[in-house]
Amino acid sequence: MNEHHVHRLAASLGAECIETHISWVLLADQHAWKIKKPVQLPFLDYGTLEARRRCCERELQLNSRLAPGLYLGVDIITGTPESPRLGGTGTVLEAAVHMRRFAQEDLFSARLAAGRLGPAEVDALADLIADFHADAPRASAASDFGTPARRRETALAAWAGTAPWLDDPAALKTWLEAQSDALTPLWQARRRAGRVRQVHGDLHLENIVWLGGAPAAFDAIEFNPALHCIDVLDDVAFTVMDFAARGSRALAFRLLNHWLDALGEHESLPALRFAAAYRAMVRAQVMGLRCASAHVRVYADAARAWTLPGRPRLCITHGLPGSGKTWRSQAWLESEGAIRVRSDVERKRLAGLPPLADSRAAGLDLYTTAMTRQTYARLFALADVALRAGHPVVLDAAFLRRAEREEARALADLLGVPFSILNCEAPAAVLRGSWWAWEPWQR
């Protein structure tokens, strides 16, 4: 079908027609139908009816994972080109993905712009993405998905498409090539560890919606498995990048840290800047195809921003239970664009428990001297990774012992980064209210 025929179908349905660079979307009452354009681009092939129908079926399958209530099926379009209709018998003219319609103002991009996107929604999104990543199928070891060579190739292809809008394209290309070389061992290790998975591939804020009191992500890439069989960090980096590009760096790092707490992916942090810069270039290319030059510039500038040297520094909290350490460290990480490592989360992770698990209900004593020593060693090891990657770091722990504080300072001195302490205090009544939960080893 061509544009004329699609508009004929829209008129017969009384539907509004919205056009993207690769699809037409018909909106009528509570329903939406997405029809793929018969186009062939370097990264997709919708050139034949069979290819488009196959991609419709694949889109339905992939998106049922993150938006099960949104995707209703695949409908056929029959009739004649001048009088097309949904369903029916006879020659199939086209296939369309049938979706439940939602209000455009419920997109995360729209909610953010309107000031209607808060911490609770961002945390719910981080939980959705983390749970999805934890269960996503691993990419086949026989494939070349997520290999250093493919990563380098796709990044340079994105650079070529973005270069006309870059102030200094040569500098960005040089950075991408240098980072590709430096990150090769990490990428190889993560691929061997199964961190390359069948994920979403296009997790920007225009593909996330607040639906029925919860977030849902749609439009996962179905047309090219190389674009959705990627490292889980690359997937979440798209959302992190988009929050930052839209002026919400605080929410970007809130989401990132919530995801890190859930999955324990701190070792991936050296690759974050590369992943975010690449995603910014991808988004710039899409905006270019839409002829949205102002938005192209936003994402081109975002790509460059992620290449700039970081300002690593180490901060630790200090205080009794109930003194507000987690609240203070949350505010600090959002204002500084920092990575937080939490002792209560990592202590449970070392014991094989999820972050919100009750260790006592599980019959475990996590507060032995040996476990505490392991926990602080884990905090320092992860801080070392993040600091060397150029990120500010805050360690959320009691740090009541001088030796623990001195070890933190020694790490900062070793890496040549500033060191500070967030001293947390609260009224005695508040502290007494937390005393019952304070583990025996601390008393």
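Where does Asp219 lie? Its place is in the loop between β11 (214–217) and β12 (229–231). Helices (H or I, at least four residues) and strands (E, at least two) are DSSP runs here, numbered from the N terminus. Keep in mind that this is a predicted model, where local features need pLDDT of at least 70, side-chain atom pairs count only at pLDDT 80 or more, and totals for chains, interfaces and linings use all residues. Residues are numbered from 1 along each chain as its sequence is written, and side-chain values use heavy atoms, with hydrogens and water left out.

Back to that loop residue: Asp219 has a positive phi although it is not a glycine. Asp29 is also a residue other than glycine with a positive phi, and it sits in the loop between β2 (23–28) and β3 (31–36). For accessibility, buried means under 20% relative accessible area, exposed over 50%, and partly exposed in between, using a 1.4 Å probe and protein chains only.

| Residue | Phi | Relative accessible area | Class |
|---|---|---|---|
| Asp29 | near 50° | 63% | exposed |
| Asp219 | about 60° | 22% | partly exposed |

Just before Asp29's loop comes a hairpin: β1 and β2 form it with three residues between them. Strand β1 (residues 16–19) pairs with β2 in the antiparallel sense over four bridges, where pairing asks that DSSP find at least two bridges between two strands. Glu19 has Trp24 in β2 as its bridge partner.

Now for the inside. A nonpolar core is a set of buried Ala, Val, Leu, Ile, Met, Phe, Trp, Tyr and Cys residues joined through side-chain atoms within 4.5 Å. The largest one has 99 residues, and Phe243, Trp259, Leu314 and Leu395 touch the most other members. Helix α9 (residues 272–289) supplies the largest share of this core, 12 residues. Another core, of 16 residues, lies apart from it and includes Cys56, Ala67, Leu70 and Leu211.

Contact means heavy atoms within 4.5 Å. Leaving aside neighbours within four places in sequence, Phe243 is in contact with residues including Phe108, Leu112, Leu205, Arg249 and Leu255.

Helix α10 (residues 293–307) makes a neat length check. The expected span is 1.5 Å times one less than the number of residues, so its 15 residues should span 21 Å, and the 22 Å between its end C-alpha atoms agrees. Its buried residues are Val296, Tyr299, Ala300, Ala302, Ala303, Trp306 and Thr307. They cover an arc of only 155° around the axis, so they sit on the same side of α10; the arc is that of the directions from the helix axis to the C-beta atoms. These buried residues pack against α5 (148–162), α6 (169–192), α7 (232–245), α8 (249–263) and α9.

Finally, the sheet. Four strands form an open sheet with parallel pairing, in the order β14-β15-β13-β16. β14 (339–342) and β16 (419–423) are at the edges with a single partner strand each, so one side of each has no neighbour in the sheet. Neighbouring strands are turned by 20° against each other on average, direction ignored. Within the sheet, three bridges join β13 (residues 314–318) to the parallel β15 (residues 393–396), and Cys315 stands opposite Val394 in β15.

Two helices lie across these strands. Helix α11 (residues 325–336) crosses β13, β14, β15 and β16, running at about 170° to β15. Helix α13 (residues 369–388) lies across β13, β14 and β15, at about 165° to β15. The axes are lines fitted to C-alpha atoms, for helices over the stretch in contact, and angles run from 0 to 180 degrees between N-to-C directions.
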